[in-house]
Amino acid sequence: MTVQGLFSARAKAAAQISAVPRIAIVGRGFSGMMTAIALMKTVRAPFHLQLFDPNSSVSGGQALASARASTILNTRVRDLSVSVGDSDDFNDWLCSNAAFRAAVPAAIPGFRQIFVPKEIFSDYVYQRFSEALAARRDITVQVCNDPVVAIRRSHGNRFLLESANPANPLFDTVILATGYGLGDPDAEEPGASPVRAQRLVARPHAVLLGSGIRVVDQLLQLRDSGYAGQVTIISRRGFLPQSHTPNSADPVFPAEALPESLPDIVRFIRQACREAEEEGQSWQSVMNGLRKHARSLWRSLPARDKHQFNRHLRAIYDSHRNRLPEAMHLRLKRELVEGRTVLRRGRAGRQGLSGLFFTPAGSSVEEVIHAERIIDCRCQAPDLSAPLMQSLFSADLAMPDELSLGLAVNARGEPFLEDGSTVAGLFAVGPLGLGSLPDIDLVPEIVSQAYAAAERIGERFHPQVRAV
């Protein structure tokens, strides 16, 4: 499917496609759509954009019309703008949305501090995408539902994307925006796992795998849909998300020079949290302030400290940075206190006919947790053995980061090679770079990176004029 910019003459635009730079974005989740918006707002030269994603859905628009349970984002409206330099853009969009104002009247006149369903945010992103496209008469956008299985260099330093369509053209620029890994389009979404035979289970019992926002959201959606059975959450490290503050937690962080070793950094942050609370502030404010220093701290750590952090501290860090809206956290605490939901620390194994094999932390003895449904809510790391990733490595277009969490990239998302150089025209935007850029899975960081990548692409197309 090809979409022309507003007022474009279709025949004329089609004839010009081969004469303008061609850009491919692999992935049409938030990272992909955000990069498309940034390109249309930043790159002043005409270009043809092709979006690759096996998901056939092209736009939002159904959130307010749907009565089903919806995932609540764990970030306040104030931090979800897709417009650089205008942090109120999402808030303004909500204020102008009559259906949303009718549904959430208590927050008027503004919504900056509230948390909204993921589908509402998706509607906002797709509308901004549509507006950006409508404002460009010189751009064409094509959507392709074939999964990309390999990327290779071709003649003239262009890129060939291999998919089910053997007639794919060559691209001047390729942006990987596959989010967390390269999900199998045939795999089931969280919450859609097969229901076990009721007769094998003594009482209704569901097992949720994971420790992040998704597992809590799935728990609450089960309850909202009327599920009254026992729920067991299995977390390898045993940490669940902490709570946001009721009001804004403005970033604060000590001005002293930060220590250099990982143990000293941990002690420094804990002390900063204690001092903030003694002064009437919150540890959440310190964690928000830490985000401004996270990348420089990460770059300064030796490899052994990075591995140590990943093994022993990442779960704690994630539980404090990916926080729950206070109302959701209170519901989670009530579930745990009342015993309707139990948190168990350990390793989930294979699934059997009547439940899940489980090894508790500190034990080598495997047991069976009987359940009629098992729902995997874990965020899967990128599969570096996937054909697409392997094609990048074998063609010397990218390499894994130090922890093999994804690709080694710079702040613009350009993949590093072993000699420290980058490949012109190739980018990895969003969580694929989490091993190199802490917090690149959060919306504000993805927005900043998408615009930085788009500016670099604009400079390549017109090197004598800096993109604006």
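1. Glu372 is buried, at a relative accessible area of 1%. In this predicted model, Glu372 pairs with Arg373 in a salt bridge whose closest N and O atoms are 4.0 Å apart. Arg373, at 23% relative accessibility, counts as partly exposed. The bridge therefore joins a buried acid to a partly exposed base. The structure holds 24 salt bridges, and the Glu372–Arg373 contact is one of the pairs described here.

2. A further salt bridge links Arg456 and Glu414, with 3.8 Å between the closest N and O atoms. Arg456 belongs to helix H13 (residues 443-461), while Glu414 sits in the loop between helix H12 (387-394) and strand S15 (426-428), so the pair ties together parts that are 42 residues apart in sequence. As for cover, Glu414 is buried, with a relative accessible area of 5%, whereas Arg456 is partly exposed at 26%.

3. Arg456 has another partner: the side chains of Glu459 and Arg456 meet in a salt bridge of 3.7 Å, N to O. Glu459 and Arg456 are three residues apart in helix H13, so about one helical turn separates them. An α-helix has 3.6 residues a turn, so residues three or four places apart point the same way. Elsewhere, Arg223, Glu335, Glu338 and Arg340 are joined into one network by salt bridges that share partners.

4. Arg223, a member of that network, is also among the buried residues of helix H6. Helix H6 (residues 213-224) has 12 residues and should span 16 Å at 1.5 Å a residue; its end C-alpha atoms are 16 Å apart, which agrees. H6 is mostly covered, with nine of its 12 residues buried. Besides Arg223, the buried set comprises Ile213, Val215, Val216, Asp217, Gln218, Leu219, Leu220 and Leu222. Asp217, Gln218 and Arg223 are buried in H6, and the reader may wish to inspect their surroundings.

5. Helix H5 (residues 118-134) has 17 residues, and the distance from its first C-alpha to its last is 24 Å, close to the 24 Å expected at 1.5 Å a residue. Its buried residues include Ile120, Phe121, Tyr124, Val125, Tyr126, Phe129, Ala132 and Leu133. Asp123 and Arg128 of H5 are buried as well.

6. On the surface, Arg236, Arg237, Arg345 and Arg347 form a positive patch. Arg237 lies in the loop between strand S10 (230-235) and helix H7 (262-278). With a relative accessible area of 35%, Arg237 is partly exposed. Patch members need over 30% relative accessible area, so Arg237 at 35% meets that cut-off.

7. A patch of negative charge on the surface gathers Glu256, Glu275, Glu277, Glu278 and Glu279. Glu277 is found in helix H7. Its relative accessible area is 45%, so Glu277 counts as partly exposed.

8. One contact in space concerns His320, a residue of helix H10 (residues 303-321). His320 and Pro241 are 79 residues apart in sequence, with their C-alpha atoms 6.4 Å apart in space. His320 counts as partly exposed, at 23% relative accessibility.

Key. Residues are numbered from 1 along each chain as its sequence is written. This is a predicted model: local features need pLDDT of at least 70, side-chain atom pairs count only at pLDDT 80 or more; totals for chains, interfaces and linings use all residues. Side-chain values use heavy atoms; hydrogens and water are left out. Patches are made of residues with over 30% relative accessible area and no salt bridge: like charges are joined within 9 Å, nonpolar side chains (Val, Leu, Ile, Met, Phe, Trp, Tyr) within 5 Å. Accessible areas come from the Shrake-Rupley method with a 1.4 Å probe; for residues, only the protein chains shown count as cover. Lys and Arg count as positive and Asp and Glu as negative; His and the chain ends are not counted. The place of a charge is taken as NZ of Lys, CZ of Arg, CG of Asp or CD of Glu. Helices (H or I, at least four residues) and strands (E, at least two) are DSSP runs, numbered from the N terminus. Buried means under 20% relative accessible area, exposed over 50%, partly exposed in between (1.4 Å probe, protein chains only). The expected span of a helix is 1.5 Å times one less than its number of residues.
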